[in-house]
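Have the sequence and the 3D view open while you read. We'll take a walk through the model, one part at a time.

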Protein chains: 2
Amino acid sequence: MTEDHLDATFASLADPTRRAILARLAQGEATVNELAEPFEMSLPAISRHLKVLERAGLISRGREAQWRPCRLEAGPLKDIANWVERYRRFWDASFDRMADYLKELQTPKGDQDDRKN
Amino acid sequence: MTEDHLDATFASLADPTRRAILARLAQGEATVNELAEPFEMSLPAISRHLKVLERAGLISRGREAQWRPCRLEAGPLKDIANWVERYRRFWDASFDRMADYLKELQTPKGDQDDRKN
DNA sequence: GCGGTAGTTAACAAATATGTTAATTAACAA
DNA sequence: TTGTTAATTAACATATTTGTTAACTACCGC
């Protein structure tokens, strides 16, 4: 779970086509053509999206005759979940309480009291 | 929480400098110069990273004399957490149980039985 | 072998991202 | 007004991303 790995995972997830592919794979293995079917996009384009996902470790691929079934690999998603959890307190607390919390924590150096911009 | 918004949020988080900036802001507001200090990077570069974060809604900026204090805004992080939670079962279960689960769910059309590639 | 299906790779074009230095805007301070 | 500090914008270079079409590889079935 190096920083570098997070880079690749977040970058992979930034594309809606790739997120849709993951959603499809959450329902079970699929071949490249099956994955490509819902999209108005050439097969090579899908193939490259799959390569991006594979490099990020989000999918793995088997070999079965001329098919290469893709499978979801959730490890990197767990890393994302762990990363984002560290910020949970920022959306769990109401904003005003949060602002107070920050003030305390910061030992304010000026009296910066502006709120929403 | 449109798809589009997820795109921007994931893309923002794909850069280690920007994640570091968010980590810093988790400790409280900071000015642009304060945020730039740890990085061997020009101020304009940091300024652009902040613009990316702002467009994704991950930070907001106030005005205080000639300073523009930045503040963490966690809303989009909550969206990320919600998105990734849908995959939790894929890393909670052991892989072998998961494979079985997928088989059931899929009503297999061939006998694709390959495991790790 | 020959043809068909599945998928990847090559070559290219266009858009986006990320950094630089130099110039500019804005506010304070004297 | 002049100078200083804080930050952004402009102009530019370079790399990466994302898509296209065309060519290629691999396997199956006859």
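What follows is a tour from one chain, to its helices, to the pairing of the chains and the DNA.

Before anything else: this is a predicted model, in which local features need pLDDT of at least 70, side-chain atom pairs count only at pLDDT 80 or more, and totals for chains, interfaces and linings use all residues. Residues are numbered from 1 along each chain as its sequence is written, while chains are lettered from A and ligands numbered from 1 in the order in which they are written.

**One chain**

Let's start with chain A, which has seven helices and two strands. Helices (H or I, at least four residues) and strands (E, at least two) are DSSP runs, numbered from the N terminus. Reading from that end, the order in chain A is α-α-α-α-β-β-α-α-α.

Of the 117 residues in chain A, 27% are buried. A residue counts as buried if 20 or more other C-beta atoms lie within 10 Å of its own, as exposed if 12 or fewer do, and as partly exposed in between, with C-beta atoms placed from the backbone. Contacts have a rule too: two residues are in contact if their C-beta atoms, placed from the backbone, lie within 7 Å. Among contacts in chain A with a separation of 6 or more, 52% join residues 24 or more positions apart.

**The core and two helices**

Which residues have the most contacts inside the largest nonpolar core? They are L25(A), I59(A), V84(A), L25(B) and I59(B), in a core of 45 residues. A nonpolar core here is a set of buried Ala, Val, Leu, Ile, Met, Phe, Trp, Tyr and Cys residues joined through C-beta atoms within 7 Å. Leaving aside neighbours within four places in sequence, L25(A) touches A30(A), I59(A), C70(A), R71(A) and L72(A).

Now look at helix α1 (residues 3–13) of chain A, where L6(A), T9(A), F10(A), S12(A) and L13(A) are buried. They cover an arc of only 160 degrees around the axis, so they sit on the same side of α1(A). The arc is that of the directions from the helix axis to the C-beta atoms. Covering these buried residues are, among others, α2, α4 and α5 (75–85) of chain A together with α1 of chain B.

Helix α2 (residues 16–25) of chain B buries R18(B), I21(B), L22(B) and L25(B). Their arc is 100 degrees, so they line one face of the helix. Their cover includes α1, α3, α4, β1 and β2 (70–72) of chain B. An α-helix has 3.6 residues a turn, so residues three or four places apart point the same way.

**Three residues to find**

Here are some spots to click on.

| Residue | Exposure | Other C-beta atoms within 10 Å |
|---|---|---|
| R19(A) | partly exposed | 18 |
| A65(A) | exposed | 7 |
| R88(B) | partly exposed | 13 |

R19(A) is in helix α2 of chain A, whereas A65(A) is in the loop between β1 (59–61) and β2 (70–72) of that chain. A65(A) also has a phi near 55 degrees, a positive value in a residue other than glycine. R88(B) belongs to helix α6 of chain B. The C-alpha atoms of R88(B) and E64(B) are 43 Å apart, with their positions 24 residues apart along the chain.

**How the chains pair up**

Rotate chain B by 180 degrees, with 0.0 Å of shift along the axis, and it superposes on chain A with an RMSD of 0.0 Å. The two copies are therefore related as by a two-fold rotation axis. The fit is by least squares on the C-alpha atoms of residues with pLDDT of at least 70 in both copies.

At the interface, 35 residues of chain B are in contact with 35 residues of chain A. On chain B's side, α5(B) gives the largest share, six residues. By class, that side has 18 nonpolar, eight polar and nine charged residues. Ala, Val, Leu, Ile, Met, Phe, Trp, Tyr, Cys and Pro count as nonpolar, Asp, Glu, Lys and Arg as charged, and the others, Gly among them, as polar. The copies meet through the same surface, because 100% of the interface residues of chain B are also interface residues in chain A.

**The DNA**

How many residues surround DNA strand C? There are 21, and the closest are T31(A), N33(A), P44(A), S47(A) and S42(B). A residue is near a strand if its C-beta atom, placed from the backbone, lies within 6 Å of it. DNA strand D is surrounded by 21 residues, the closest being S42(A), T31(B), N33(B), P44(B) and S47(B).
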